[in-house]
Each structure stands twice: as structure tokens, then as C-alpha cells.
Protein chains: 2
Amino acid sequence: MGSVIGVIGGGQLARMMIAPAVELGIELRVLTEGPESSAALAATAVGDYRDADAVRAFADEVDVITFDHEHVPQAVLARLVADGIPVRPGPAALAVAQDKIVMRERLTALGVPVPSWAVVRDATELGTFLAAHGGVAIVKTPRGGYDGKGVRVVRAAGEADDWLSEGPLLAEELVDFRRELAQLLARRPSGQTAPWVLVETVQRDGVCAEVVAPAPGADRFVAEARAIATTIADELDVTGVLAVELFETTDGRLLVNELAMRPHNTGHWSIDGAVTSQFEQHLRAVLDLPLGDPSPMAAWSVMVNVLGGPEGASLPDRYPAAFAAQPAVKFHSYGKGSRPGRKVGHVTATGSDLEDVLARARAAAAFFAS
Amino acid sequence: MGSVIGVIGGGQLARMMIAPAVELGIELRVLTEGPESSAALAATAVGDYRDADAVRAFADEVDVITFDHEHVPQAVLARLVADGIPVRPGPAALAVAQDKIVMRERLTALGVPVPSWAVVRDATELGTFLAAHGGVAIVKTPRGGYDGKGVRVVRAAGEADDWLSEGPLLAEELVDFRRELAQLLARRPSGQTAPWVLVETVQRDGVCAEVVAPAPGADRFVAEARAIATTIADELDVTGVLAVELFETTDGRLLVNELAMRPHNTGHWSIDGAVTSQFEQHLRAVLDLPLGDPSPMAAWSVMVNVLGGPEGASLPDRYPAAFAAQPAVKFHSYGKGSRPGRKVGHVTATGSDLEDVLARARAAAAFFAS
């Protein structure tokens, strides 16, 4: 196989593949939505990922197709596969990440621990689920949700009527959790897997805000989290990076919350904190090259997301003050215009003292917050 | 000042600036010699760096000019300065790196320790120098030398006649040295400097082959090397990365061998082994942003150059075997076609045990050697 990787989608995940691609001498091409995308630097084609002809034409320029996001329709993917183009992860695996109901069905069939769940088709079914779960449920649209979108806490049967009019929903128990964790790994088509350390993630308003690697005091969960992620990757034939978001329940169990089959926000720390970053590893995996060592470089790494502050501001405007105050923090800009709440970059600190690392990462991110 | 950096020259040094530029969201433009250059990915203009009009037109697209190499003529630089374009390092500093005679004169005037030297204009003067230095001398052409080119060991007055017919030469004592060291630092226009650790460099056939960071057993030289580099940077008003190549003499002195005013082969280890790499630091410095922490990430880093093996082979052809054998080594390709002796990439290993780190780096590089 050749070594030109085509990425569908030009967001920050595609952008963060550019650095390791340049370093390794791997050619990266990106199908972007427009010239203002994060990965416009590597964009070689502009087109709609829902347009089968545009995607098929893009595939002619590359040796393997991978993704910045999970939204490419199955019909578009099927045409690539029919024409013999390697698609990694493949359509069958992606289907599980694309639809939360399919995901719950498959994980349950695999014996992977998940929250109590049901498919609800109307208010009556939602009412039944509520009655069986203490009068409260999380309701999710099967498709299109991310960063807290398409997710709602419901306490009465009629509170999801608007969404139910569009189709069935996933209802889940409101999990009583102590904290959220994430287990990432990469898997090659030939089967090799390489897990990063289990991390703790802190969400705010449904968006990943902070990641601590490794998760403090989580030794008892390490083996189980790794086993869960490896089972999912192997059984679903995932290729590339798999992210498994987990709840640590107050009664000491792990439950799978969400899956992603691409580099993931909870793995950004690995750029500066691991021997092999999730972006380099994803490139290796989709080319079926031997995976790199995912070991941490430091005792602790902390990543803090930078959410857009004032409209029109850019990260580099704040560099003079931020760099002066935090010379050891690594700054990452996604090349996007700022807007309140938008992920425009992240910072990572590493070191041997967790309190110090946390303080430095948070202080660095704070320079961009307002 | 804006934040678009223009790099004159499209070699591997410009190429290795791409990754940190993308990560920081700093726009990089490159004036390359042709579409096959290492940094062609970031090339926005093709032109000859000796062509004042081409360079001047390129400068209109950027906010500050820096360099992949030191060969841009002073007349071309003078025009940029006359038009108010920031040039970093500036022409006066670059003049010292461009001409080895000027370099020896300036360093001697600054009181920096250098080998015994003289300008020789003919065979008689060379004979006089030989007689005063045990019958042997190193003779160097003032300009255009690199990687061992333009350097010759001479033991008779007539052995440099070919070069003397072109102009004066620099004659130096053949230094009896124990090993070679290098001190790199970065300096901002506003004066801040940040030194990396002193490193040991191993040359083969006049080309840097291997770098060990920090230099083992060199504690007694750390303060002096840093003082020498800081003096040179401050007194010559260097901006960006300065590399000072040093001899550790058998009688325990440091002597300055060569200077470079740009990221340097002896600093490539910093990409994977330091909190702030020389390429990121160069970008910060030329934009006059606060410098990053140059501390090492690991106890030991070893960089080994990959010199071209068989004609037509490329590094990625060897990745399957090399990655499988050395999962923790970082591989860097310069995107060049291979040819015997040509620098086509490098590898870096890091860790806590020097023997292990050395062995892994050498083993990884060996996959590409033949």
C-alpha cells in the first residue's frame, strides 16, 4: 500500500495530524468543508462529506481514507469500499459510533458494562422507563450529538416530545458517578493494539474541559478499562484511535458512556505528554504500520481546553502575556476565529507534581478565556 | 507586529519549523529553490535567495524574515533592512556566520577562546603558519563551507594553492581535542536568552553523525559554554537560534570551532527531548515572543542522523521494520530522495539509561543506512 492518507473533514483533529505527518514524511490530504477550516493548511480538496461523488473523487488522490469526524453517511462509505478503497475505521465499525442506539445494542451484546438503557418510541415508553429508573432519565438523539448537543435530562414523559416526533430515542439511567474517565487505544488492521494510560476527564456543560493523565487514584480500574477498550476494538474491528468514555460510579463500577473512533479531545495531552501522540498513532494505524510506544513522558500531564473568548480574538493575540507567565506550558491553536464557548485550542502542562501541573495548565488556559 | 514568518530557503530546517508553526497557529511562508525542496509543503514562493527582487517581493507577504541557511547575500539583506522589514538574525550578525575570517576576528575581539588562527594570502604565509604550528594546519575557505566542505588538513605550504588562487584563506591550528560539544541558545530581539543543555556531538567525515544531550561528564564546562554562547549572542545581537560548536581540548579547555545562526543539526534532539524545541523557540524568538522552557524532558536524549542509503529509496519504505523494532524511537523524514551520504532524516531516542538510549537510537538509524 502507498502512504498517502486522505482525511475527510477539516477540523482541528485533521489539523493536529499535520505535524506528525510532516515529521514522518507521510503525505496527508484533507477534504474540507471550506477554506476557513482548521486544517486548511493541508486541504487539497473542498467538498461536502455527504456528497458521494465528491468523496469518491477525493479518494482517487489517496491510498487510504480516514476521518476527522464520524458523520460520513454509510452510503458514501459503501461506495468507497465497493471500489476497493481502504477505509479506516471501516463502515461497520463507524456505524456503531454513528448511532447511539446501535452502540448500546452492540456493547450490550459484547457484555461490556453500560448504563441501564432502552429505546423509547413515544411518551408512553419514556414514561415506563422513567418509572423504572426513579423518575429521571438521560434522553439522547441517536445521531448527530456531540459536546452535550442531543442530550437532555428528562423527569416527565412529555419532556422529549419534540425529539420523539423525529424518531426513536435512547433513554438511559442517570448514572450516579464519582467522575468520568477515558481509555484510548489505537488498533491496526492487522490486530495490534496500544493503549494509552487511563485518564480522568472533567466535563463542563457537556464539553470536555480538562484531562488529567494518568487518572489519579485509579489503579484498580486500569486493567478493566483496558480490557473493555480492547474488547470493543477487537470485536468491532476498529482501526485507528478508539476513545472509550467511562463513568466511575459511586459504587465503584465502570460503565461505558460514549465511543469515538478517531483521535479524541481526551487524548490531546498525548501530543506533549506521551512518547507517541494519538495523532501520530492514528497515522501509523491507518497505514497498518507498527504502533509506537504510548507511554507517558512525565509523571503527570494536564490538558485544559481553550474555549473561545471574545468574538474575533485569536489565541496568538494573547501569546506575549501567556508565554511570559507559563514558559513550560505547550500551547495549541486550532486556527479558528474565536466565539464564546467554541473550542479554539488547548494547553498542556507536564511534570512530577500534580498540583503544580494542574495550576500551570489552568493558569495558561485562563489567558485566553476572556 | 503581525505574526507571519517568512523563511528564506526550503531545506529541512524550514521543514521542521512547520510542525510548531501549525501547533501555535503561526503562519509560515517559505521561499524555496524549487518544488522538490524539503519544506515544499509550506512553500508559497519559488525563487533564488540571491535575487534581490525575488526576496523583496517575498518579504511583502510576511511580517518578519528568517532563514533556513546563512547564504543570503548582504546586498539582498541590506535592501530588506532599508525598506524597514524585520530581518532576524540581522545582516550584521549574519555576516559573522557567513565568513569564517570575519567570525575569527570578531570572536577574538570579544575575548572568546578560539584555536590559534591567521589569514593566509599565499603559500609563503601558509608556510609561516605551518612552521609555527608543528607543520600542520586546518585550512578553510572563508565562505560557502558546510558539512566538511571547504575544509582541508594541510601539511605543506603548497597544498592549498588551488584555493589560494581564489582569495585569502583561514588557517587554524589542528586542535588536539578530546571531543566536540555544542552549546545552543535562542535570543529575542529584546534580549532574553534561553540556553539548551550543553551537548556532545560526534562528527564523521565532517558531518554531524550523533548528538548526546546532555554531554556526559561535562559538568565542569556547562557554565563556561553558556557564558561563551551568551556573550556571542549578546555582543553580535543574534536573534533566533545560535549554535556554538566547541572543541573540548585534551588539556581541558573549550575553544569555539564554528557558529551557526539558525536551528542546527546539533539541536534536533530538542524536538523530542526538550520542553521547547529549537524550531518552536526560533519561531518565538523571531516574533519577539517570550521564549519557552528549554529544559530536557528526559535524563538522556540521543539523536542519530540518517544519511541516504541506496539511490531512490525513501525513509518510509523502511518504516515497517524500523517501527516494529524500535517503538519508542522518534523518526523524522526530510522528504528528500535518498542518495549516499545525504542527510535525509534523523531519529531520536530518550530515556533514563544512556547505554540503552544510545543503542536504541543507533539501531533505529541503522534500518535506513543501506
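Me: How many helices and strands are there in chain A?

Reply: This is a predicted model. Chain A has 12 helices and 17 strands. Its radius of gyration is 20 Å, close to the 21 Å that the globule rule gives for 370 residues, so chain A is as compact as a globular protein of that length. Along the principal axes, its C-alpha atoms fill a box of roughly 55 × 55 × 40 Å.

Me: What share of the residues in chain A is buried, and what share of its contacts with a separation of 6 or more joins residues 24 or more positions apart?

Reply: A residue counts as buried if 20 or more other C-beta atoms lie within 10 Å of its own. Buried residues make up 54% of the 370 residues in chain A. Of the contacts in chain A with a separation of 6 or more, 63% are between residues 24 or more positions apart. V344(A), in strand β17 (residues 343-351) of chain A, is an instance of a buried residue, because it has 25 C-beta neighbours inside 10 Å. Beyond its neighbours within four places in sequence, V344(A) is in contact with residues including V306(A), L307(A), Y334(A) and K336(A). Between V344(A) and N305(A) there are 8.0 Å in space, C-alpha to C-alpha, and 39 residues in sequence.

Me: Which residues have the most contacts inside the largest nonpolar core?

Reply: They are L242(A) and L242(B), in a core of 214 residues. A second, separate core has 15 residues, among them V120(A), L130(A), A137(A) and V154(A). Leaving aside neighbours within four places in sequence, the contacts of L242(B) include L184(B), L185(B), I232(B) and M261(B).

Me: How should the relation between chains A and B be read, and what turn lays chain A on chain B?

Reply: Two copies of a chain are related by a rotation about an axis and a shift along it. Here a turn of 180 degrees and a shift of 0.0 Å along the axis lay chain A on chain B with an RMSD of 0.0 Å. The two copies are therefore related as by a two-fold rotation axis. In chain A, the C-alpha nearest the axis belongs to A19(A), 2.2 Å from it. The same surface serves both copies, since 100% of the contact residues of chain A recur in chain B.

Me: Which element gives the most to the side of chain A that touches chain B?

Reply: In the interface, 30 residues of chain A are in contact with 30 residues of chain B. α1 (12-24), α11 (319-325) and β16 (330-333) of chain A each give two or more residues to that side, and α1(A) gives the most, with 6 residues. By class, the side of chain A that touches chain B has 20 nonpolar, 6 polar and 4 charged residues. In chain B, 13 of the 13 residues of α1(B) are buried, so this helix is largely enclosed by the rest of the structure.

Me: Where do unusual backbone angles appear, and which peptide bonds are cis?

Reply: Most residues other than glycine have a negative phi, and most peptide bonds are trans. A cis peptide bond joins R88(B) and P89(B), with omega about 0 degrees; P89(B) is in the loop between α3 (74-82) and α4 (91-98) of chain B. The bond from A213(B) to P214(B) is also cis, with omega near -5 degrees. As for phi, D237(A) has a positive value near 55 degrees, and D237(A) lies in the loop between α8 (219-236) and β13 (240-249) of chain A.

Conventions. Residues numbered from 1 in each chain as written. Chains lettered and ligands numbered in written order. Predicted model: local features only at pLDDT ≥ 70, side-chain atom pairs only at ≥ 80, totals over all residues. Least-squares fit on C-alpha atoms with pLDDT ≥ 70 in both. Contact = placed C-beta atoms within 7 Å. Helix = DSSP H or I, 4+ residues; strand = E, 2+ residues; numbered from the N terminus. Nonpolar A, V, L, I, M, F, W, Y, C, P; charged D, E, K, R; others polar. Buried ≥ 20, exposed ≤ 12 C-beta atoms within 10 Å, placed from the backbone. Core = buried A, V, L, I, M, F, W, Y, C linked by C-beta atoms within 7 Å. Rg over C-alpha atoms; globule rule 2.2 N^0.38 Å.
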